[in-house]
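This report describes the setting of one aspartate, the shell around the ligand and an annotated domain. The structure is shown first.

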Amino acid sequence: MGEVDPAFVQALEHRPKPTIVEAGGIPLIDLSVLNSDDPRALAGLVAEIGSASKDWGFFQVINHGVPSDLRQRIETAAKKFFALSLEEKRKVRRDENNPLGYYDTELTKNVRDWKEVFDFTVENPTVIPASHEPHDQELQTLINQWPEYPTEMREACEDYARGVEKLSYKLLELISQSLGLPEKRLNGYFKEQTSFIRLNHYPPCPSPQLALGVGRHKDGGALTVLAQDDVGGLDVKRKVDGEWVRVKPIPDSYIINVGDIVQVWSNEKYESAEHRVTVNSERERFSIPFFFNPSHYVMVKPLEELINEQNPAKYREYNWGKFFKTRKLSNFKKLDVENIQIYHFKISE
Ligand SMILES: O=C(O)CCC(=O)C(=O)O
Ligand SMILES: [Fe+2]
């Protein structure tokens, strides 16, 4: 067993157990129904999405319509990029001001993650607040930084983004319908989306029982559409019993997780699930999450149509851009406070 730097070591209660249950029961949803014009089949799909979002906050989709060559091209480009020297990768390094590009020192809840990443936004440029301070109105324009090598990286990333964006809108529309709302009820919030895609590389770790690839967390955006390779390591905290279970890789499927924004919009009918990534000492792992996020100026709050006297709003409204900026900052440097969470906006009962 090798040694890892103490910055990576998780507190005892957050370390992965040596054996983990492979999750039976994570809903597997076949989206080919979307091509059918049988209203009953569509209603069945909407109901499936609703139960999966309610009971798990996590599901996998197959026959999702994203062409497999888009995924192959970005996966190949990611492998080539991460295989470059550190010096080469650091030419597109991100910093406190520009959160886009290469990074190998991310923190989740103040502990270092055993991974390296490359981030790019789906819209180029993307506008976010310049500061996390609530009263500072200044904005910042983010521009993607593309590496020189591999030369096909930019095109592979941009094409993939367009493909997965379509799937994300489809899922958003299904979620909206599953809440009893019109199909396009939520689309307007994404006009100037702050969505971004992350290429994750988890190298083999000499002490996989001490560190995590990504520490336990919930995704702060609306939805995450994740491509994982065949290595496995993504664990979800199962809602029924709080047990960590491993998400089994299924070739050419996507893992969908409901983010905090959907939890708030739905007034907790749906709940974002806590998840983490464990690493292993033998095989490197790659994954590609697409974080589907609204425009920075969106004020997130329980949807009017879903609240009433019997079911009053469980959250105060908050500004998405400020939330996003605060999270980014806490992932960048060690803070003495816990990073921002939606429960900070929860209305106590
Ligand atoms: O690598 C994975 O499977 C998941 C990564 C993740 O949860 C994240 O980046 O938010
Ligand atoms: Fe995540």
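Aspartate 113 lies in the loop that joins strand S6 (111-112) to strand S7 (116-121). In this predicted model, aspartate 113 counts as buried because 26 other C-beta atoms lie within 10 Å, the threshold being 20 or more. Beyond its neighbours within four places in sequence, aspartate 113 contacts Glu106, Leu107 and Thr108, as well as Leu212, Gly213, Val214 and Gly215. For glycine 215, which is 102 residues away along the chain, the C-alpha separation from aspartate 113 is 6.6 Å.

Val214, one of the contacts of aspartate 113, is also among the residues around ligand 1. The other residues around ligand 1 are Arg198, Asn200, Asp219, Leu226, Gln228, Leu234, His275, Val277, Ser287 and Pro289. Two or more residues of this shell come from each of strands S10, S12, S16 and S17. By class, the shell comprises five nonpolar, four polar and two charged residues.

The strands concerned are listed below.

| Strand | Residue range |
|---|---|
| strand S10 | residues 196-202 |
| strand S12 | residues 223-228 |
| strand S16 | residues 275-277 |
| strand S17 | residues 285-292 |

An unreviewed UniProt entry lists residues 193-294 as "domain: Fe2OG dioxygenase". Over residues 193-294, the chain is 39% strand and 6% helix, and the C-alpha atoms at the two ends are 5 Å apart.

As to confidence, the protein has an average pLDDT of 93, and 96% of the residues score at least 70. The model has an ipTM of 0.99 and a pTM of 0.95.

Conventions:
Residues are numbered from 1 along each chain as its sequence is written. Chains are lettered from A and ligands numbered from 1 in the order in which they are written. This is a predicted model: local features need pLDDT of at least 70, side-chain atom pairs count only at pLDDT 80 or more; totals for chains, interfaces and linings use all residues. UniProt positions are given in the numbering used here, feature names are shortened, and annotations may be inferred rather than shown by experiment. Helices (H or I, at least four residues) and strands (E, at least two) are DSSP runs, numbered from the N terminus. pLDDT is the predictor's confidence in each residue, from 0 to 100. A residue is near a molecule or strand if its C-beta atom, placed from the backbone, lies within 6 Å of it. Ala, Val, Leu, Ile, Met, Phe, Trp, Tyr, Cys and Pro count as nonpolar, Asp, Glu, Lys and Arg as charged, and the others, Gly among them, as polar. A residue is buried if 20 or more other C-beta atoms lie within 10 Å of its own, exposed if 12 or fewer, and partly exposed in between; C-beta atoms are placed from the backbone. Two residues are in contact if their C-beta atoms, placed from the backbone, lie within 7 Å.
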